[in-house]
Amino acid sequence: MSTCRICAGAVTEFLDLGRQPLSDAFRLPDDPSEEFFYRLAVGVCGTCSMVQLMEEVPRERMFHQDYPYVSQGSSVMRAHFRAAAERFLAAGASFIVELGCNDGTMLRVVAEAGVRHLGVEPSGAVADLAAAAGVRVRKDFFEEATAREIRAADGPADVIYAANTLCHIPYMGSILRGVDALLADDGVFVFEDPYLGDIVERTSFDQIYDEHFFLFSARSVDEMARRHGLELVDVERLPVHGGEVRYTLARPGARPRTSAVDELLAAEADLASRTTLDGFASRVQKIRSDLVTLLTDLRERGERVVGYGATAKSATVTNLCGIGPDLVEFISDTTPAKQHRLAPGSGIPVRPPADFAADYPPYALLFAWNHAEEIMAKETAFRESGGKWIVYVPEVRVIG
Ligand code: SAH
Ligand code: TMP
Ligand code: ZN
């Protein structure tokens, strides 16, 4: 049992994913320091239904100068963020604040349009990339105190936006008090994160890792908003990152509530039930044993397997299954800050895509399955060489 970070209710564990490292801590091969581990387990609040981690990793361990993830690594995501920016601009927003703006993929569109904005981003190297792209950035964690300072200096925000960031933040009370301090009376707080409904439906258990503290649903977000004097007024399903929901919060009565909210709430009737979550947990164990069996068989047959995409998600899979360099030779990844390092916990080397193309393996384990369409469309030479993809979500399968 632990205490809910939203409502202080009792959180009951339903899945233990074991001892796990920091998902984005890619280590230099000669790093002598001891690696940090914590227990990754997930539970559900019996009061407000919020699904959340049982243990919290201190934020400075995850988000710091060398945080390696960049948003610009996917062309689909670049188009997605351009469309989000254009929508805010078309609605006439005159001051847009983004939490977790990362390398500024969304805000650079706003900056190019000459519209007032601010990115709040604690991770130094990625914040520098945003600044270099012309984005106004504050290198800081967003929380109540930061929000009050921004409000005093810059006035109210028409839009506060956070993509794949709000679910990273356990201290939600401070965040929502900050939103309340900063948001204009008729402003909107828009955030999008992996959706519990999709995670359960696709058994995408690797969406669970240190940075993903909350797995939101319409029901839990509705409760969370209400407890902080805000209202959930719209939801929109998004196809990105394996299924997300974009939630829009506003001050009570400021905006009409769309029927999409009621429809999603109705569709979620059994989502947070013990039966549903226990079923999810047992499907995870099946994937684990199927994947270990497949990779072990391939090793016994002397077949090479290379990982594709050193995602944060891949830390959960490799460490849950005990997959090391004996089963996966290396992981190909486009992110400079991950290359020539070892993946957390597993110690699998990360190498640039050129190393993958130089000597195609017979099998590639698709850790970046959320970018499958984009990746499969560009990796035609791998397929033509006879290469096959291994996926493990929603079940273990060899494609090709
Ligand atoms: N929005 C980008 C980046 C998501 S990664 C995208 O969708 O691709 C999550 C980001 O949130 C990281 O860059 C991290 O540094 C940032 N972050 C973590 N805690 C934060 C906080 N309290 N305030 C603002 N940003 C935060
Ligand atoms: P994400 O799933 O958290 O967005 O991470 C995707 C990772 O995969 C990131 O490290 C970049 C990498 N990647 C590639 O190596 N090749 C690709 O074509 C894409 C889209 C991502
Ligand atoms: Zn709760």
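**Entry 1: the hairpin at the start of the chain**

I began with β1 and β2, which form a hairpin with six residues between them, and I noted that Ala8 in the turn has a positive phi of about 70°. I am working from a predicted model throughout, and I read each value with that in mind. The loop that holds Ala8 runs between β1 (2–3) and β2 (10–21). I flagged the angle because most residues other than glycine have a negative phi. I then looked up how the two strands are joined, and found two bridges between β1 and β2, which run antiparallel. One pairing I wrote down is that of Ser2, whose bridge partner in β2 is Val11.

Following β2 onward, I found that eight bridges join it to strand β3 (residues 37–45), again in an antiparallel arrangement. Val11 turns up here as well, since I find its bridge partner in β3 to be Cys45. I therefore have Val11 bridged to Ser2 of β1 and also to Cys45 of β3.

**Entry 2: domains and the contact between two of them**

I looked up the domain assignment, which gives domain 1 (2–54), domain 2 (71–267) and domain 3 (288–399). For domain 2 and domain 3, I noted that their centres, taken over C-alpha atoms, are separated by 31 Å. The contact between them takes 15 residues from domain 2 and 13 residues from domain 3.

Which atoms give 61% of the area buried between domain 2 and domain 3? I found that carbon and sulfur atoms do, out of an area of about 1,200 Å². On the domain 2 side, I recorded that Phe205, Asp206 and Tyr209 supply 44% of the area buried against domain 3, more than any other three residues.

I next turned to polar pairs, and the count between domain 2 and domain 3 is seven residue pairs in polar contact, both residues being at pLDDT 80 or more. For salt bridges between these two domains, the count I obtained is zero. By class, I listed five nonpolar, eight polar and two charged residues on the side of domain 2 that touches domain 3. Helix α2 (residues 75–90) gives the most to that side, with three residues.

**Entry 3: a salt bridge from helix α2**

A search of the whole structure gave me 34 salt bridges. Among them I picked out the pair Arg87 and Glu236, whose side chains meet at 3.0 Å, N to O. Arg87 lies in helix α2 and Glu236 in strand β11 (residues 231–238), so I read this pair as tying together parts that are 149 residues apart in sequence.

**Entry 4: the six-stranded sheet and a cis proline**

I traced an open sheet of six strands in the order β15-β14-β13-β16-β17-β18, and its pairing is mixed. Its edge strands are β15 (350–351) and β18 (397–399), each of which pairs on one side only. At the β18 end I counted three bridges to strand β17 (residues 388–391), and these two strands run antiparallel. Ile390 is a residue I checked here, and its bridge partner in β18 is Val398.

Where is the place of Pro394? I located Pro394 in the loop between β17 and β18. The peptide bond from Val393 to Pro394 is cis, and I noted its omega as near 5°. I marked this bond for the record because most peptide bonds are trans.

Methods:
Residues are numbered from 1 along each chain as its sequence is written. Chains are lettered from A and ligands numbered from 1 in the order in which they are written. Side-chain values use heavy atoms; hydrogens and water are left out. Domain bounds come from an automatic or database domain assignment. Contact means heavy atoms within 4.5 Å. Buried area is the accessible area (1.4 Å probe) that two parts lose on being put together, summed over both. A salt bridge is a side-chain nitrogen of Lys or Arg within 4 Å of a carboxyl oxygen of Asp or Glu. A polar contact is a pair of N or O atoms within 3.5 Å; within protein, one must be able to donate a hydrogen and the other to accept it, and residues adjacent in sequence count only if both atoms are side-chain atoms. Helices (H or I, at least four residues) and strands (E, at least two) are DSSP runs, numbered from the N terminus. Ala, Val, Leu, Ile, Met, Phe, Trp, Tyr, Cys and Pro count as nonpolar, Asp, Glu, Lys and Arg as charged, and the others, Gly among them, as polar. Two strands pair if DSSP finds at least two bridges between them.
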